[in-house]
Structures are given as C-alpha cells and as structure tokens.
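Thanks for coming. I will go through one model, starting with how its elements are named and ending with the ligand.

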Amino acid sequence: MPHRVTIIPGDGIGPEVAEAAMRAVNATGVDIQWERKELTADIIIEAGKELPAHVLDSLNDTRVGLKGPITTPVAGGFKSVNVALRKKLDLFANVRPVRTVPGLKTRYNDVKIDMVIFRENTEDLYSGLEHEIVTDVVESLKIITRYASMRIAHYAFNYAVKHGRKKIAAVHKANIMKLSDGLFLRCCREVAAMHPQITYQELIVDNASMQLVMRPEQFDVLLLPNLYGDIVSDLAAGLVGGLGIVPGANMGENVAVFEAVHGSAPDIAGRGLANPTALMSSAAMMLRYLGEEDAAVRLTKGIEQTYIEGKHLTKDVGGSAHTDEFTDAVIRNL
Ligand code: ATP
C-alpha cells in the first residue's frame, strides 16, 4: 500500500523546493501517492477567505502533509495562511532540528551544533488578535494558556526522553511579562519535575539569543512560546548555514505537516536559486514519521554527502549550482 501524502507546493520558491523534495523522496523508492493541493497568496486573495476546504479535507484525510511556504503580506492584507493551517489542524508542536551540516563551511565550524527547537504553535502573539483602540493606538493580545503550555512542554520532554536528549532550556521573558510568560514557565517547571533525568534550565530570551551566538554548542533542546520560537529558529538557522538548511515539522494529535523554517523568499523565486535542503530534510522527517526509517536515513545521508563533496551547492551556501543540479547530486548520493 502506498503512503498517501498531501503535497502543498505553496508559492514563491515553494514549487521549486517542493518539486526537488518530491523527486528526492521518490528516488528513495518509497511508494508515495502524492495528493497535490495548490494554495498560494493569489488563490487566497481570489477565494476571499483563508483556507479552501479541499486543502483541509485532504490533510484531514491523508493525515500527512509536505508543505512549501505561502507568502504572507506585511503590515496589512490577509492573515498568514501558514499560521491558519497550523491552528485549524491543531498542529500544536513545531519541531525544528538545527544541526551542523558536515562539510558546510560556516562561522561555527569549530563547534558541533545539535539542538532541537520546540515552538508552541497555536497561541501567543500569533493569535493575531489586534485592534485599534482609538486612532493611532493599537492593542495586540498575547494569549498564553495552561492547556497549550502544558501540551508543548509534555511534547518536548517526551521527545527528549525518547531521543536520549539530556537538557531542556525554557526560553521566556517572565521578568517583564510576569503573567503570560510566567504561566508558560510554571507549566514548563511542572512538566520538568516529572522528568528528573532531564536537566532543566530557564533563560530569558535576550540572554538566550546572546548565548546562542556566543556558545551554540551548549544547547540541546529549546522550549519556547510561539513568537520567541519563530525568531530564535531563524537565529539558530543562521548558525548552521542559513534558512536554506533547517527543516521542521508541525505535529498534532492526528495530523502532521512537514515544512521548512524559511518563508517564500520572493527575492529569489522562480530563478532556480532556492536551496531545497530544508524541505528535503523536512521530507526525511516525514519518512521517519511514516515508518520509513531506512529511506529517511538514506535521504539524510545523501544530502550530507552532497555537502561533503561540496561541488553542487546552491548560492546561499557558497556554491553556484541551481536547485535541480543540487537535487540531482543528492539523488546520485542516496
Ligand atoms: P516568513 O516570515 O514568511 O517566514 P522570512 O522572513 O523567514 O519569511 P524568507 O522568505 O524565508 O523570509 O527569506 C529570508 C531570506 O532568506 C531571503 O533573502 C531569502 O532569499 C533567503 N532564503 C530563504 N529560504 C531560502 C532557500 N531555501 N534557499 C536560499 N535562500 C533562502
């Protein structure tokens, strides 16, 4: 029986990296029946609403998605479709492994970076609850609940136990946001107390950012509310070679959608310049989730080998290869 997977190429560089990721997955020999669903900024503007039912229906049916980015207009326009999808499907845990890529030259080559970021995915300032109180005065609501905080904390600690991780650092700003981040922190402490074998630590987000730049090798698992998780993910991506590298998974109780950390990168879209590593590695996470461990390992090793050879890398990581050329090299190295 083939695995059924909903593929949402998205827009911007999405279709290019989605095509590359699908080619690489198909080349592992795993039988996947892709259900292609188009979802782009243009489609949403035309439909006049955020999420067309056929996309949700497909994801609720296949329960597994591989997704490219969808452009979000800045300072106006429709709300983020990426965020709406996570909320609608209750994909509460955003999991982002950030690792040194063997062979890739970065500013941090003298240390080994290997951390996993757990970002709460459903609330915080990402709830999008904003309004203008009077002219030129706006309010944006930061929602933190015990329910969502406990859920992400349990998820992160369970992952750490299962995968032999030793340390979890909860990241917050509870010295200023005493109620909201305070609640998040209390939940993390409660769950930490149930897992005495994991070393638990707390870091204020500004200090965490500095520590990440100064000594990234000290971090194992990071546990963050939604907004800090978003910002720290991009920072962490910068440590290992940039947004072209870091994969991600949005996990719910019943549905999982795998997508890169990066956005639609309109500045390079349609020119064959996109690095498909992040979505390919997201696809490797997906293969593991589908129980195809062997294919997941082969795909990861194929990507690593391509970086070690260093001959067919994309521009963002210092090469001159186009998306297709990199993809061909990965497939040869499977
Ligand atoms: P969003 O807010 O939608 O997540 P973002 O602010 O993270 O988006 P991106 O669209 O991810 O922004 O792009 C940020 C920068 O990183 C751009 O200069 C873009 O070209 C570069 N970039 C992002 N992804 C890739 C990729 N896969 N390959 C090469 N460059 C990339």
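Helices and strands here are DSSP runs, numbered from the N terminus; a helix needs at least four residues and a strand at least two. With that naming, T28 is in the loop that runs between α1 (14-27) and β2 (32-36). Please keep in mind that this is a predicted model.

Is T28 buried or exposed? Its relative accessible area is 8%, so T28 is buried, given that buried means under 20%. The T28 side chain comes within 2.6 Å of the backbone oxygen of V25. Apart from neighbours within four places in sequence, T28 has contacts with L287, A295, R298, L299 and L334.

One of those contacts, L287, belongs to helix α9 and is itself buried. Helix α9 covers residues 277-289, which is 13 residues. From first C-alpha to last, α9 reaches 18 Å, close to the 18 Å expected at 1.5 Å a residue. How many of the α9 residues are buried? The count is 11 of 13, so the helix is mostly covered, with the cut-off for buried at under 20% relative accessible area. The buried set is T277, A278, L279, M280, S281, S282, A283, A284, M285, M286 and L287. Just after α9, G291 has a positive phi of about 90 degrees.

Next is helix α5, residues 146-162. Its 17 residues should span 24 Å at 1.5 Å a residue, and because the end C-alpha atoms are 24 Å apart, the two values agree. The buried residues in α5 are A148, S149, M150, R151, I152, A153, A156, F157, Y159 and A160. As a reminder on helix geometry, an α-helix has 3.6 residues a turn, so residues three or four places apart point the same way.

What covers the buried residues of α5? The cover includes the strands β4 (93-99), β5 (114-120), β8 (167-172), β9 (199-204) and β10 (221-224), along with helix α6 (180-193). After α5 comes G164, with a positive phi near 65 degrees.

Two residues fill in the surroundings of α5. One is H195, in the loop between α6 and β9. H195 has 10% relative accessibility, so it counts as buried. A polar atom of the H195 side chain lies 2.9 Å from the backbone oxygen of V191. Setting aside neighbours within four places in sequence, H195 is in contact with F157, N158 and V161. Of these, F157 is among the buried residues of α5.

The other is A170, in strand β8. Its relative accessible area is 0%, so A170 is buried. Not counting residues up to four places away in sequence, A170 touches L185, C188, Y200, Q201, E202, L203 and L223. For C188, which is 18 residues from A170 along the chain, the C-alpha to C-alpha separation is 7.0 Å.

Last, the ligand. Which residues are closest to it? They are H262, G263, A265, D267 and N275, out of 13 that surround the ligand. By class, that shell has five nonpolar, five polar and three charged residues.

For polar contacts, a ligand oxygen is 2.5 Å from a polar backbone atom of G263. A polar backbone atom of A265 is 2.8 Å from an oxygen of the ligand. With D267 the partner is in the side chain: an N or O atom there is 2.8 Å from a ligand oxygen. Taken alone, the ligand exposes 620 Å², and the protein buries 63% of that.

That is the tour; I can take questions now.

Definitions and conventions: Residues numbered from 1 in each chain as written. Predicted model: local features only at pLDDT ≥ 70, side-chain atom pairs only at ≥ 80, totals over all residues. Heavy atoms only, no water. Near = heavy atom within 4 Å. Polar contact = N/O pair within 3.5 Å; in protein donor to acceptor, adjacent residues only side chain to side chain. Areas by Shrake-Rupley, 256 points an atom, 1.4 Å probe, with all protein chains shown as cover. Nonpolar A, V, L, I, M, F, W, Y, C, P; charged D, E, K, R; others polar. Expected span 1.5 Å × (residues − 1). Buried < 20%, exposed > 50% of the residue type's maximum accessible area, 1.4 Å probe, protein only. Contact = heavy atoms within 4.5 Å.
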